[in-house]
Amino acid sequence: MVGESGTAAAALPLCFQVVIVTHEPLTKVGPVLASLAQAATDRFHVVVLTGAQSPGPSDDLGPRVTVAGFPGESVFHLRSRIPELTTSAEWAVILEDHNLVAPDWADRLLETLLAQPPEVAVLIGAATNDQSTDPWSYANFLSVLGFHWWPSLHAPLEPLGFNIAFRRSRLPARRFELGAYEVEFMPGLMPLARGSTTFPVDHRQVRLFPGVLAYHWANGRVTGAFMRRFVDSGFLKVLSHGLNAALFRQMRLRRLLRTHPRRGELPRGSLVRVQMLAVAHAFGAVFGGLFGAGRAPWELE
């Protein structure tokens with residue numbers, strides 16, 4: 001199913017396309033679409049990729065929005081389709097369904113993209129955690145986005161799942177193999193990446209104990225399975241990734257969090273919770289490297 005909400009978007013002088021990935025009905029992306037509709041610029045278009053079995057009506061989402069439905073697909077399957085569905089702008093920008101942007105986010109992003117020199121192939125933004133502030137949700141946020149926690153942006157920059165823009169010219173002509181976007185394409189572009197704090201996105205994702213441990217284990221399982229398939233060093237790379245996730249990355253993250261401007265917001269025990277999630281991810285990666293992804297892709301958003 002592919003539905004177009006209006007025809008005006010096709011005539012816009014596009015600079016970027018926003019790709020929002022979800023395996024849930026379109027109501028899940030209603031808040032972010034409402035914010036994007038308030039942008040002053042008309043130099044972007046929105047493509048919603050949904051794997052929902054019943055996504056719901058798409059005819060009232062506005063002239064900037066196209067909906068592409070692939071019932072039953074996980075977010076990883078949906079992201080593999082990005083080359084097929086981003087064809088008319090210089091940049092592709094990825095968002096997730098649990099993101100919320102400010103009304104002027106697209107305007108600030110446009111200004112930043114237009115300022116990039118040709119050698120920059122990837123622009124990586126920052127993230128806030130203004131709503132999901134219970135202890136385990138905060139740990140979930142920090143585990144993934146600690147190095148990109150606004151107003152700071154620290155090396156090493158990581159290929160985020162959202163608020164990341166890359167030049168369309170870098171995309172292959174055809175759909176990615178499953179997992180290649182996450183473990184080949186995006187990591188391969190990181191030497192040509194630049195970070196910016198000018199267009200942060202709020203990450204709104206509630207994760208409670210003990211389910212949050214299973215969530216990070218599933219994320220690790222998918223990562224390990226994809227690494228085993230696409231990285232030349234195979235299972236050795238999986239083991240290296242697990243060790244880095246549970247130890248070396250945690251050491252860097254602790255140093256960062258102890259000096260972060262917003263460290264006073266953190267619930268007591270945050271570093272311990274983040275470490276627990278890192279260990280869950282590492283064990284999941286080893287399991288995925290040995291036994292494959294299984295149903296884990298469908299357990300993630």
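Q: Which residues does Asp97 touch, not counting residues up to four places away in sequence?
A: The model is predicted, so local features need pLDDT of at least 70 and side-chain atom pairs count only at pLDDT 80 or more, while totals for chains, interfaces and linings use all residues. Residues are numbered from 1 along each chain as its sequence is written, and side-chain values use heavy atoms, leaving out hydrogens and water. Contact here means heavy atoms within 4.5 Å. On that basis, Asp97 touches Ile20, Val21, Thr22, His23, Glu24, Lys28, Val29 and Glu301.

Q: Where is Asp97 found, and is Asp97 buried or exposed?
A: Helices (H or I, at least four residues) and strands (E, at least two) are DSSP runs, numbered from the N terminus. In these terms, Asp97 is found in the loop between strand 5 and strand 6. A residue is buried under 20% relative accessible area, exposed over 50% and partly exposed in between, with a 1.4 Å probe and protein chains only. Because its relative accessible area is 4%, Asp97 counts as buried.

Q: Which residues have side chains joined to that of Asp97 by a polar contact?
A: A polar contact is a pair of N or O atoms within 3.5 Å; within protein, one must be able to donate a hydrogen and the other to accept it, and residues adjacent in sequence count only if both atoms are side-chain atoms. One such contact of Asp97 spans 2.6 Å and involves Thr22. Another, of 3.0 Å, involves His98. The residues are therefore Thr22 and His98.

Q: How many salt bridges does the structure hold?
A: Side chains of opposite charge can pair when their charged atoms come close. A salt bridge is counted when a side-chain nitrogen of Lys or Arg is within 4 Å of a carboxyl oxygen of Asp or Glu. By this rule, the number of salt bridges in the structure is 15.

Q: How many residues apart in sequence are the parts that Arg167 and Glu90 tie together?
A: Arg167 and Glu90 form a salt bridge whose closest N and O atoms are 2.5 Å apart. Arg167 is in strand 9 and Glu90 in the loop between helix 3 (82–85) and strand 5 (91–96), so the pair ties together separate parts of the sequence. Arg167 is buried at 10% relative accessible area, whereas Glu90 is partly exposed at 43%. The distance in sequence between the two parts is 77 residues.

Q: Which residue forms a salt bridge with Glu73?
A: Glu73 lies in the loop between strand 4 and helix 2 (75–79), and its partner lies 102 residues apart, in the loop between strand 9 (164–167) and helix 6 (180–189). Glu73 is buried, with a relative accessible area of 14%. Its partner is partly exposed at 32%. The two side chains meet at 3.8 Å, N to O, and the partner is Arg175.

Q: Which of the two residues in the salt bridge of Arg204 and Asp202 is buried?
A: The side chains of Arg204 and Asp202 meet at 2.7 Å, N to O. Arg204 has 35% relative accessibility, so this residue is partly exposed. At 6% relative accessibility, the buried residue is Asp202.

Q: Which residues do salt bridges that share partners join into one network?
A: Asp97, described above in the loop between strand 5 and strand 6, is one member of this network. The network as a whole joins Glu24, Lys28, Asp97, Arg207 and Glu301.

Q: In what order do three strands form an open sheet?
A: Two strands pair if DSSP finds at least two bridges between them. The edge strands are strand 6 (99–100) and strand 8 (127–128), each of which pairs on one side only. Strand 8 runs parallel to strand 11 (residues 201–203), with two bridges between them, although the pairing in the sheet is mixed. The order is 6-11-8.

Q: How many residues of strand 4 are buried?
A: Strand 4 (residues 65–69) is mostly covered. Val65, Val67 and Gly69 point one way, and Thr66 and Ala68 point the other way. The number buried is five of five.

Q: Which helix gives the most to the largest nonpolar core?
A: A nonpolar core is a set of buried Ala, Val, Leu, Ile, Met, Phe, Trp, Tyr and Cys residues joined through side-chain atoms within 4.5 Å. Of the 82 residues in the largest one, Phe16, Ile20, Leu36, Trp105 and Phe166 touch the most other members. With seven residues (from the run 211–230), the helix that gives the most is helix 7.
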